[in-house]
Amino acid sequence: MLERFKVPEELAVRIDQGVMRTAVEGIFEALGMSGSASKAAADVLIYSDVRGIDSHGVSNMMRAYVAGFRAEQINPSPKLSRTVDHVAAISYDCDRGLGLAQSREMMEVACDRARETGVAVVTAYNGRHYGPSAYYAHIGVDNDMVGISMTAGGVLVTPTFGAERLLGLNPLGVGVPSDKEPPFIFDASMSSVAGNKIELLKRVGGKVLPGWISDSDGTPVMTETQVPRDFMMLPLGGTREIGSHKGFGLAMMIEVLCGILVGTGGGPFRRKGSGHYFMAYDISKFTDLNTFKSDMDEYLRAILDCRPALGEDRVIYPGIPEHEAEIDRMANGIPYHPEVVEWFHKITKELEVEHDLPL
């Protein structure tokens, strides 16, 4: 993440991941989720925080989930049902369940089926937010597979040259295993910047950069400014001149694969909640696994050894910042904004959840 999204170290409250995990599990259980579902959901959020994906960790997301449960928009005890099972194509009805608690199972099903068929796809509909795509792509890596996951995010993005919200934020995650080097883990929304990062900016008083958002009539905002009240997200690339048509096209692709493909519509016409997509490639069905990992190491090391541009310290690939964040945060705790810690104390008191969070 860019520095502007991070909590300043002098303000940060460092909390051990296990302490936060226990508090989050307790909140989910108090909201009606089973113990196993609460653990599964908490694991996704703590993965986000440990890996430095703060936009999708507890800081932003827990208050949204609490509101969703209280408004009965999220079903705390859904019945996940398989509606399609055809060779390498599987689909699930999520029964309005929280994606965090359900989606690991679906990615693991994709991996299990790929062991038989080489490649497998699992789609899901009628679900709710599932967290960072990287989490599910990483499950593929843990299974010695290429893992891909996508979800249809909030419809907040305007098309290139447009002035209406017709596209989701639509993140794409890809995970590729390696041997000695940290694996390639790519995760990015098809909007100019992840929508949740705007919430991080609001919390720390940061500004949006040129090309991230448009004003209400669709004109790209090309000056650094405070987050305005009324805006639309721009596609990845920001403007046509610097490639927003590419982000626009990829966002449409994800609308197709996560919604229209499973018969529930796309963009503002989506029916039955969010749609998710999980795909696994069994590498061993295409080539020798050890050769693949060795080739990945060679390529990844070449990226890391690339001569940096003037004024830059180093070149990195997707997965390196998260790998380094994980080393730091597992050793020193996860840095949270004091306002976030204050909110956790408030909600745990309301729900009568026991915890060891610092004051």
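**Entry 1: strand β3**

I started with strand β3, residues 89–93, in this predicted model. How many of its residues are buried? I found 4 of the 5 buried, so I noted the strand as mostly covered.

Next I looked at how β3 pairs with β2. The two strands run antiparallel and are joined by 5 bridges. I picked out one pair here: H86 has A89 of β3 as its bridge partner. The connection between β2 and β3 is a hairpin with 2 residues between the strands. I checked the turn as well, and V87 there has a positive phi of about 55°.

Then I turned to β4, residues 119–127, which pairs with β3 in the parallel sense. I counted 5 bridges for this pairing. Y92 is the residue I used as a marker, and it stands opposite A124 in β4.

**Entry 2: the whole sheet**

In what order do the strands of the sheet come? I wrote down β2-β3-β4-β14-β5-β8-β9, an open sheet of 7 strands with mixed pairing. β2 (81–86) and β9 are the edge strands, each pairing on one side only. I also looked up the turn between neighbouring strands, and the average is 10°, direction ignored.

For the β5 and β14 pair I noted residues 145–151 and 274–282. These strands pair in the antiparallel sense, over 7 bridges. Within this pair, G147 stands opposite A280 in β14.

Which helix packs on the sheet? I found α5, residues 133–142, doing so. I listed the strands that α5 touches: β5, β8 (172–176), β9 and β14. The direction of α5 makes about 160° with that of β5. Angles over 145 degrees count as roughly antiparallel, so I jotted that word beside α5 and β5.

**Entry 3: α2 against α4**

I moved on to a helix pair, α2 (residues 35–50) and α4 (residues 99–117). Their axes come within 7 Å and cross at roughly 90°. The two helices are therefore roughly perpendicular to each other.

Which residues make the contact? From α2 I have A37, A40, A41, D43, V44 and L45, and from α4 I have L100, A101 and R104. I sorted the residues of this contact by type and got 7 nonpolar, no polar and 2 charged.

**Entry 4: S189**

I found S189 in the loop between β9 (184–188) and α6 (195–204). Is S189 buried or exposed? Its relative accessible area is 11%, so I put S189 down as buried, the cut-off being under 20%. The side chain of S189 makes a polar contact with the side chain of S191, at 2.8 Å. Setting aside residues up to four places away in sequence, I see S189 touching L169, N170, P171, A194 and L236.

**Entry 5: H337**

My last stop was H337, in the loop between β15 (334–336) and α10 (338–351). With a relative accessible area of 14%, H337 is buried too. What lies 3.0 Å from a polar atom of the H337 side chain? I found the backbone nitrogen of E339 there. Leaving aside neighbours within four places in sequence, I listed V7, L11, R203 and V204 as the residues in contact with H337.

Key. Residues are numbered from 1 along each chain as its sequence is written. This is a predicted model: local features need pLDDT of at least 70, side-chain atom pairs count only at pLDDT 80 or more; totals for chains, interfaces and linings use all residues. Side-chain values use heavy atoms; hydrogens and water are left out. Axes are lines fitted to C-alpha atoms, for helices over the stretch in contact, and angles run from 0 to 180 degrees between N-to-C directions. Angles under 35 degrees count as roughly parallel, over 145 as roughly antiparallel, 65 to 115 as roughly perpendicular and the rest as oblique. Contact means heavy atoms within 4.5 Å. Ala, Val, Leu, Ile, Met, Phe, Trp, Tyr, Cys and Pro count as nonpolar, Asp, Glu, Lys and Arg as charged, and the others, Gly among them, as polar. Buried means under 20% relative accessible area, exposed over 50%, partly exposed in between (1.4 Å probe, protein chains only). A polar contact is a pair of N or O atoms within 3.5 Å; within protein, one must be able to donate a hydrogen and the other to accept it, and residues adjacent in sequence count only if both atoms are side-chain atoms. Two strands pair if DSSP finds at least two bridges between them.
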